[in-house]
Amino acid sequence: RSVLRVVEVIAGSPAQKGGLEPGDVIVAVGGQPLAGPQTMEAALRAGRPALDLLVLNVRNGESTPVEVSLAGMAAPAAEPA
């Protein structure tokens, strides 16, 4: 099982508005455990209006559901083949 550690949260970003903080650990997206960064990328490319994340809050040791609104954001560009 993979995880993604939040290393930076930009002020005013959807991540900050959703409650993510540096040090948090994302363990699942859309109810699916992370299999690596590609799981998060696929969720972002799906074009949903929000990401449902399960985040391990390192400050209190609890797993917390977090919704990050993506409304109005462009999908990531595809990498050249």
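**Figure 1. Order of helices and strands along the chain.** Read from one end of the sequence to the other, the protein follows the pattern β-α-β-β-α-β-β, and its secondary structure comes to 2 helices and 5 strands. The model shown here, as in every view below, is a predicted one. Of the 81 residues in the protein, 30% are buried, while the exposed surface of the protein comes to about 5300 Å², with carbon and sulfur atoms supplying 56% of that area. Among the contacts between residues at least 6 apart in sequence, 42% join residues that are at least 24 apart.

**Figure 2. Strand β2 and the strands that pair with it.** Strand β2 is mostly covered, in that 5 of its 5 residues are buried. With β1 it runs antiparallel, and 2 bridges join these strands; in this pairing, R5 has V25 of β2 as its bridge partner. The pairing of β2 with β4 is also antiparallel and extends over 4 bridges, with I26 standing opposite V55 in β4. Strand β3 pairs with β2 in the antiparallel sense as well, over 2 bridges, and here A28 stands opposite P33 in β3. The hairpin made by β2 and β3 has 2 residues between the strands, and G30 in that hairpin takes a positive phi near 60°.

**Figure 3. The surroundings of A28 in strand β2.** Residue A28 is found in strand β2, and because its relative accessible area is 11%, below the cut-off of 20%, A28 counts as buried. Which residues does A28 touch, when those up to four places away in sequence are not counted? They are P33, L34, D52, L53 and L54, and of these P33 is also the residue that stands opposite A28 in the pairing with β3. A28 and V3 are 25 residues apart along the chain, yet their C-alpha atoms are separated by 7.7 Å.

**Figure 4. The hairpin of strands β4 and β5.** Strand β4 pairs in the antiparallel sense with strand β5, which covers residues 62–69, and this pairing extends over 8 bridges. Within it, D52 stands opposite E67 in β5; D52 is also one of the residues that A28 touches. The two strands form a hairpin with 4 residues between them, and in the turn G61 has a positive phi of about 75°. Strand β4 thus appears in two of the pairings described here, that with β5 and that with β2.

**Figure 5. The buried face of helix α2.** Helix α2 spans residues 37–45, and its buried residues are T39, M40 and A43. Seen down the axis of α2, these buried residues fall within an arc of 95°, so they line one face of the helix. An α-helix has 3.6 residues a turn, so residues three or four places apart point the same way. What covers the buried residues of α2 includes the strands β1 (4–5), β2 (25–29), β3 (32–33) and β4 (50–57). Just after the helix, G47 takes a positive phi of about 75°.

**Figure 6. T39, one of the buried residues of helix α2.** Residue T39 lies in helix α2 and, with a relative accessibility of 17%, counts as buried because this value is under 20%. Leaving aside its neighbours within four places in sequence, T39 is in contact with V29, P33 and L34. Of these, P33 and L34 are also touched by A28, the buried residue found in strand β2.

**Figure 7. The salt bridge between E41 and R45.** How many salt bridges does the structure hold? It holds 1, and this salt bridge is formed by E41 with R45, whose closest N and O atoms are 3.0 Å apart. Being 4 residues apart in helix α2, E41 and R45 are separated by about one helical turn. Side chains of opposite charge can pair when their charged atoms come close. Are the partners buried, exposed, or something in between? At 34% relative accessibility, E41 counts as partly exposed, and R45, also at 34%, counts as partly exposed.

Notes
Residues numbered from 1 in each chain as written. Predicted model: local features only at pLDDT ≥ 70, side-chain atom pairs only at ≥ 80, totals over all residues. Heavy atoms only, no water. Buried < 20%, exposed > 50% of the residue type's maximum accessible area, 1.4 Å probe, protein only. Arc of directions from axis to C-beta. Contact = heavy atoms within 4.5 Å. Pairing = 2+ DSSP bridges. Salt bridge = Lys/Arg side-chain N within 4 Å of Asp/Glu carboxyl O. Areas by Shrake-Rupley, 256 points an atom, 1.4 Å probe, with all protein chains shown as cover.
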